[in-house]
Amino acid sequence: MGSQTAILGAGVMGETLLSGLVRAGRRVDNLLVGEKRAERAAELEQRYGVAVVTNIEAAEKADTLALVVKPQDMGDLLDEISGVLRPGQLIVSLAAGITTAFIESRVPEGIAVVRVMPNTPALVDEGMAAISPGSHCDESHLAEAESLLASVGKVVRVPERQQDAVTAISGSGPAYIFFVVESMIEAGVHLGLPRAMASELVIQTLVGSAKMLRETGTHPTVLREQVTSPGGTTASALRELEIHKVRAAFLAAMEAARDRSRELAEGT
Ligand SMILES: NC(=O)C1=CN([C@@H]2O[C@H](COP(=O)(O)OP(=O)(O)OC[C@H]3O[C@@H](n4cnc5c(N)ncnc54)[C@H](OP(=O)(O)O)[C@@H]3O)[C@@H](O)[C@H]2O)C=CC1
Ligand SMILES: O=C(O)[C@@H]1CCC=N1
């Protein structure tokens, strides 16, 4: 049997990580899930063939523990498992706002902690995750966290002081993109397009635009200018977005997300 990884908190993000590890070929007998609700445990066992156990059993057996509960539940979870944790284990926290110092203060000495901010496109192996070491981490701990997240997308290393900003940009980011997509589809319907057609037009436009950004490496301003013919339709649309202060709204939204991440660290 190889190194054991446990996922504690199998909601949206926890299941996203679990499914990615299974897709990436991690042997399910090297995976454990901590889940207290019997119905949810049965669902996960049936869907992935993974062993669903108590948090205590998972914490006793695992070499690496991925903590994917809500920030507000993190203190209780750490209090529950800290008695069975042992030096040499690695905790990888995916919770917004929660600092490595908070976790280190609630677990025995010698446990390494890595803070991660992932995002849901991990579900289709296009995730973006940023990782930061706690004070007892060495390269092997960062490499292990990196390998967990690399199975579902890209991983970058950032200083922990940048994690609240990362959370605001890429952690919450998919929601802003989906919001824009929803808004454009609704606009298409207002303009008289059938909903299915409006959806297809918007989604393919999004995928094509994302692919241009990634594959050409061209700055988004240049790509936008290429679409904006002099005196044309795009210029008229962009003027309205500027009049309605959409750029300022994005900045305010992301500052609010960053501030909320900081508040979560305070337990509020
Ligand atoms: N969703 C996202 O896009 C992202 C989420 N995150 C982070 O991931 C974490 C989880 O978020 P998300 O998946 O959205 O939330 P969910 O509410 O979907 O998942 C949280 C899960 O944790 C379970 N849980 C709560 N307490 C315990 C416990 N003591 N032991 C085991 N499981 C427990 C909950 O079970 P129950 O429902 O029975 O209470 C639930 O299944 C958060 O910290 C969030 O900041 C980070 C980046 C992106
Ligand atoms: O909304 C949240 O708090 C979580 C963290 C980043 C994305 N979802």
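**Strand S2 and its partner**

I looked up strand S2, residues 31-34, in this predicted model, and I found both of its faces covered, with Leu31 and Val33 buried on one side and Leu32 and Gly34 buried on the other. I noted beside this that in a regular strand the side chains alternate between the two faces of the sheet. I then turned to the pairing of S2, and found that S1 and S2 run parallel and are joined by four bridges. Within this pairing, I located Ala6 opposite Leu32 of S2.

**Ala58, from helix H3**

I next asked which residues Ala58 touches once those up to four places away in sequence are set aside. The list I wrote down is Ala6, Leu8, Leu32, Gly34 and Val53, and two of its names, Leu32 and Gly34, are ones I had already entered as buried residues of S2. Ala58 itself is found in helix H3, which spans residues 55-61. Is Ala58 buried or exposed? I entered Ala58 as buried because it has 24 C-beta neighbours inside 10 Å, where 20 or more are needed. I also looked up how Ala58 stands to Gly231, and the two are 173 residues apart in sequence and 63 Å apart in space, taken from C-alpha to C-alpha.

**The whole protein**

I stepped back to the overall picture, and counted twelve helices and eight strands in the protein. The C-alpha atoms fill a box of roughly 70 × 40 × 35 Å along the principal axes, and of the 268 residues 32% count as buried. For contacts between residues at least 6 apart in sequence, I recorded that 64% join residues at least 24 apart.

**The largest nonpolar core**

I wanted to know which residues have the most contacts inside the largest nonpolar core. They are Ala66, Leu67 and Val92, in a core of 54 residues, and the element that gives the most to this core is strand S6, residues 112-117, with five residues. As background I wrote that in soluble globular proteins nonpolar side chains tend to be buried together. I followed Leu67 further, and leaving out residues up to four places away in sequence, I found that Leu67 touches Leu8, Gly9, Met74, Leu77, Ile91, Ser93, Leu94 and Ala95.

**The annotated stretch and ligand 1**

I checked the UniProt record, an unreviewed entry, which places the feature "domain: Pyrroline-5-carboxylate reductase catalytic N-terminal" at residues 6-97. Over residues 6-97 I noted 45% helix and 20% strand, with the end C-alpha atoms 21 Å apart. The unreviewed entry also carries the annotation "binding site", which covers Leu8, Gly9, Ala10, Gly11, Val12 and Met13. I placed Gly11 in the loop between strand S1 (5-8) and helix H1 (12-23), and Val12 in helix H1. Gly11 is exposed because 12 other C-beta atoms lie within 10 Å, and Val12 likewise counts as exposed because it has 10 C-beta neighbours inside 10 Å, the limit being 12 or fewer.

I then looked at the surroundings of ligand 1, where 27 residues lie around the ligand and Gly9, Gly11, Met13, Ala95 and Ala96 come nearest. The elements giving two or more residues to this shell are H1 and helix H4 (71-81), and H4 gives the most, with four residues. By type, I divided the shell into 13 nonpolar, eight polar and six charged residues.

**Ligand 2**

Which residues surround ligand 2? I entered Ala96, Thr167, Gly171 and Ser172, a shell of one nonpolar, three polar and no charged residues. Ala96 was also among the residues that come nearest to ligand 1.

**Two positive phi values**

Last, I looked up two residues other than glycine with a positive phi, and found Asp125 near 60° and Lys245 near 55°. Asp125 lies in the loop between S6 and strand S7 (127-133), and I entered Asp125 as partly exposed because 14 other C-beta atoms lie within 10 Å. Lys245 lies in the loop between helix H11 (233-243) and helix H12 (246-265), and I entered Lys245 as exposed because 11 other C-beta atoms lie within 10 Å.

Conventions:
Residues are numbered from 1 along each chain as its sequence is written. Chains are lettered from A and ligands numbered from 1 in the order in which they are written. This is a predicted model: local features need pLDDT of at least 70, side-chain atom pairs count only at pLDDT 80 or more; totals for chains, interfaces and linings use all residues. UniProt positions are given in the numbering used here, feature names are shortened, and annotations may be inferred rather than shown by experiment. A residue is near a molecule or strand if its C-beta atom, placed from the backbone, lies within 6 Å of it. Ala, Val, Leu, Ile, Met, Phe, Trp, Tyr, Cys and Pro count as nonpolar, Asp, Glu, Lys and Arg as charged, and the others, Gly among them, as polar. Two residues are in contact if their C-beta atoms, placed from the backbone, lie within 7 Å. A nonpolar core is a set of buried Ala, Val, Leu, Ile, Met, Phe, Trp, Tyr and Cys residues joined through C-beta atoms within 7 Å. Two strands pair if DSSP finds at least two bridges between them.
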